[in-house]
Amino acid sequence: MQLNKAFISNIHDIYGEAGALWLQHLPLRLEHLSSLWNFHLLRPMSSLTYNFVALVKMNSTNKTAVIKMAPDGANILNEINWLNCMQNASPKIYAFDEERNAFLMENLEPGYSLKNYLRQGDDDSATKIVCQMIRDLQSQKHSGLKFRHLSELSDAFSVLKGHFNLRLLSKSEGLFKELTSDRSQDVILHGDLHHDNILLSEHGWKVIDPHGYVGDPAAEIGPMVRNFIECLPQKQPLPEVVAHRMRTIADELPFDPQKIKAWALCVTTLCAAWTFEQHCKVNEFDIEVASAIDQTKF
């Protein structure tokens, strides 16, 4: 079984020796789960990043499914809880093994991601679909489910001191504290709702890979503002693309434009912090996007 180099490197960077050991034992874990859940492995997904995800075939039905596994420390249970409470907009969960931090879920077909719209240059359509997903997710009512509050992420900003634009870092940190202080309108959030995490199924668009938080509804727009590093619209300067995307969001969703701008900046800076924590370096693209967001005027 071949795994891509980026995935292997990420597991080593994040989990160290424990990650190396997990990779070593991965075939045995898969063998156990294939026996337990009665499937056989078809192939790992080609673009693995931080979790092992593979296409499998169920021996009893000949239908395909998807298995997802992660090292200890990755909060798979949190993800499953979120997917189960958003069943109308996410793949079905078939089985879960808490000891091996793994679960089996529905294979969405045709399964291509919303990033295809970006590759075709249709950024407006892609943005509007993400906005529709946000409306759909936030229209669902839930109670009794506990997810981390966004405010618990506030310490992440500190790792960027000396490695990020000081003015933007200070502004992001201040805005984040302000935005997470009022909890009166809080909802359950996906937390990483960008184009790669929205897939087409036979029943419409579905979301995958939630982080699962509770927080301000407008926070959900953050990841999609910065998520186009691989497929920028052609021949358009980055500040223009960012500004147009945020203005489209403001037209589509009932959020205050200044709050959209603030959350976009905060989430972009948080993404830079998480990259630094995992790889000891800042993605320059995040600095460029943060600057572009800061320059945007409504």
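The following exchange examines how several descriptions of this predicted model are justified.

Biologist: What makes α1 a helix that is not straight?

Modeller: Helix α1 covers residues 5-37, which is 33 residues, and a straight helix at 1.5 Å a residue would reach 48 Å. The end C-alpha atoms of α1 are only 28 Å apart, short of that span. A kink of about 135° is found in α1, centred on Tyr15. Just after α1, Asn38 takes a positive phi of about 60°.

Biologist: Which residues of α1 are buried, and what covers them?

Modeller: The buried residues of α1 include Phe7, Asn10 and Ile11, and also Gly19, Trp22, Leu23 and Leu26. Leu30, Leu33, Ser34 and Trp37 are buried in α1 too. Their cover includes the strands β1 (39-44), β2 (52-58), β3 (64-69), β4 (93-97) and β5 (102-106), together with helix α8 (257-279).

Biologist: Why is α2 described as mostly covered?

Modeller: Helix α2 comprises residues 76-85, and seven of its 10 residues are buried. These are Ile76, Asn78, Glu79, Ile80, Trp82, Leu83 and Cys85. Among the elements that cover them are β3, β4, β5, α4 (123-138), β8 (187-189) and β10 (204-207).

Biologist: Why is Cys85 called buried?

Modeller: The cut-off for a buried residue is under 20% relative accessible area. Cys85 has 9% relative accessibility, so Cys85 counts as buried.

Biologist: Why does Cys280 count as buried or exposed?

Modeller: Exposed requires over 50%. Cys280 has 64% relative accessibility and therefore counts as exposed.

Biologist: How do you know how many disulfides there are, and where does Cys280 stand?

Modeller: A disulfide needs two cysteine sulfur atoms within 2.5 Å, and by this rule the count comes to zero. For Cys280, the nearest cysteine sulfur is that of Cys271, 17 Å away. That distance does not meet the cut-off, so Cys280 is in no disulfide.

Biologist: Why is Ser201 called buried, and where does it lie?

Modeller: Ser201 is in strand β9, residues 198-201. Its relative accessibility is 6%, under the 20% limit, so Ser201 counts as buried. In β9, Ile198 and Leu200 point one way, Leu199 and Ser201 point the other way, and all are buried.

Biologist: What makes the side chain of Ser201 a partner in polar contacts?

Modeller: The cut-off for such a pair of N or O atoms is within 3.5 Å. A polar atom of the Ser201 side chain lies 3.0 Å from the backbone nitrogen of His203, and one lies 2.7 Å from the backbone oxygen of Gly204. Both distances fall within the limit, so these are polar contacts. Not counting residues up to four places away in sequence, Ser201 also touches Leu108, Glu109, Pro110 and Lys206.

Biologist: How do you know that β9 pairs with β6 and with β10?

Modeller: Pairing requires at least two bridges. Strand β6 (residues 110-113) and β9 have two bridges and are antiparallel, and Pro110 has Ser201 as its bridge partner. β9 and β10 have four bridges and are also antiparallel; here the partner of Ser201 is Gly204. A hairpin of two residues joins β9 to β10.

Biologist: What makes β7 and β8 edge strands?

Modeller: Three strands form an open sheet of mixed pairing, in the order β7-β11-β8. β7 (148-149) and β8 each pair on one side only. Two bridges join β7 to strand β11 (residues 213-215) in the parallel sense, with Arg148 partnered by Tyr213.

How values were computed
Residues are numbered from 1 along each chain as its sequence is written. This is a predicted model: local features need pLDDT of at least 70, side-chain atom pairs count only at pLDDT 80 or more; totals for chains, interfaces and linings use all residues. Side-chain values use heavy atoms; hydrogens and water are left out. The expected span of a helix is 1.5 Å times one less than its number of residues. The bend at a residue is the angle between axes fitted to the seven residues ending there and the seven starting there. Buried means under 20% relative accessible area, exposed over 50%, partly exposed in between (1.4 Å probe, protein chains only). Contact means heavy atoms within 4.5 Å. A polar contact is a pair of N or O atoms within 3.5 Å; within protein, one must be able to donate a hydrogen and the other to accept it, and residues adjacent in sequence count only if both atoms are side-chain atoms.
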